[in-house]
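Colleague: I am new to this structure, and I would like to understand the reasoning behind the labels that are used for it. Could you take me through them with care?

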Amino acid sequence: MSIWNWLEGGYTMPDQSTWGRRLACWWGRKLAVRRPGVSIHPTCRISPEARIAPRSGRISIGAGSTVGLGAFVQGHVTIGERSSVQAYSILVGYGTAEKPDGLIRIGNDVRMASHCMLIAGNHNFADPAVPIRTQGLTLQPIVVEDDVWIAGRVNIMAGVTIGRGSVIGAGSVVTKDIPPYSIAAGVPAKVIKKRGGA
Ligand SMILES: CC(C)(COP(=O)(O)OP(=O)(O)OC[C@H]1O[C@@H](n2cnc3c(N)ncnc32)[C@H](O)[C@@H]1OP(=O)(O)O)[C@@H](O)C(=O)NCCC(=O)NCCS
């Protein structure tokens, strides 16, 4: 058993309700900000078992946000305020502050459940005579606007924007932009309803 499992008491999401959990959040944040290019508000709850690595980009996480156990936040990624990325979700952004062509931007008040995957680049594969791994990547940003709920095991493709106030159903694969206040689900994700009954 890891020391964090013992101190946090088996929670998937970091919280501040006991001294052990507060220590875990403090250490999780410390571990993350030791890397240049990472800025995390002191009120964030970061699991010490999350993996936060900016590579050549920057990572910024706003006040009151949470990153859970086993989640990866890598590359060029911005997370707003009061948002959460739950256990084992993977966010991989690309680019740099000067050339943010593969930025992942998560807004404020976003809920992202476990095992979601957002990767802001695709392998090029046009030439069948050349190994795919040598053909480079095409980078496109992923944007999740404010107040979105992304349910468990959702995959969001490079280039997609999820509009403000939307809900994405469990297991969806989102290949196109989702307009604001939509409820979308399926593979590929389609709008099944609008919030507010429209
Ligand atoms: C999307 C969701 C919120 C339901 O929204 P809803 O407005 O109540 O939708 P309904 O249950 O009325 O379903 C409407 C239609 O969409 C379909 N649907 C609902 N969720 C779906 C999903 N995740 N994937 C595919 N289709 C889905 C339903 O089968 C139904 O189809 P029908 O009209 O042909 O019968 C819910 O299904 C869901 O995915 N919850 C997420 C659970 C989760 O991951 N929780 C993590 C905790 S943070």
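Modeller: Let us begin with a salt bridge, in which the side chains of D101 and K99 meet at 2.8 Å, N to O. This is a predicted model, in which local features need pLDDT of at least 70 and side-chain atom pairs count only at pLDDT 80 or more, while totals for chains, interfaces and linings use all residues. Residues are numbered from 1 along each chain as its sequence is written, and side-chain values use heavy atoms, with hydrogens and water left out.

Colleague: Why is the contact of D101 and K99 called a salt bridge?

Modeller: The term requires a side-chain nitrogen of Lys or Arg within 4 Å of a carboxyl oxygen of Asp or Glu. The N to O value for D101 and K99 is 2.8 Å, so the pair meets that rule. By this rule the count comes to six salt bridges.

Colleague: What makes K99 exposed, and what is D101 called?

Modeller: Buried means under 20% relative accessible area, exposed means over 50%, and partly exposed lies in between, with a 1.4 Å probe and protein chains only. K99 has 53% relative accessibility and therefore counts as exposed, whereas D101, at 26%, counts as partly exposed.

Colleague: How do you know that D109 and R82 form a salt bridge, and where do the two residues lie?

Modeller: Their closest N and O atoms are 2.7 Å apart, which is within the limit and so earns the name. The pair links distant parts of the chain, 27 residues apart, with D109 in the loop between β10 (104-106) and β11 (111-112) and R82 in the loop between β7 (77-79) and β8 (84-85); strands here are DSSP runs of E with at least two residues, numbered from the N terminus. D109 is partly exposed at 31% relative accessibility, and R82 is partly exposed at 40%. E81 joins R82 and D109 in a network of salt bridges.

Colleague: What makes β7 and β10 a pair?

Modeller: Two strands pair if DSSP finds at least two bridges between them, and β7 and β10 have three bridges, in the parallel sense, so they qualify. The bridge partner of V77 is I104, in β10. Both strands belong to an open sheet of six strands with parallel pairing, in the order β1-β4-β7-β10-β15-β18.

Colleague: Why are β1 and β18 called edge strands?

Modeller: β1 (38-40) and β18 each pair on one side only, and that is what the name records.

Note on methods:
Helices (H or I, at least four residues) and strands (E, at least two) are DSSP runs, numbered from the N terminus.
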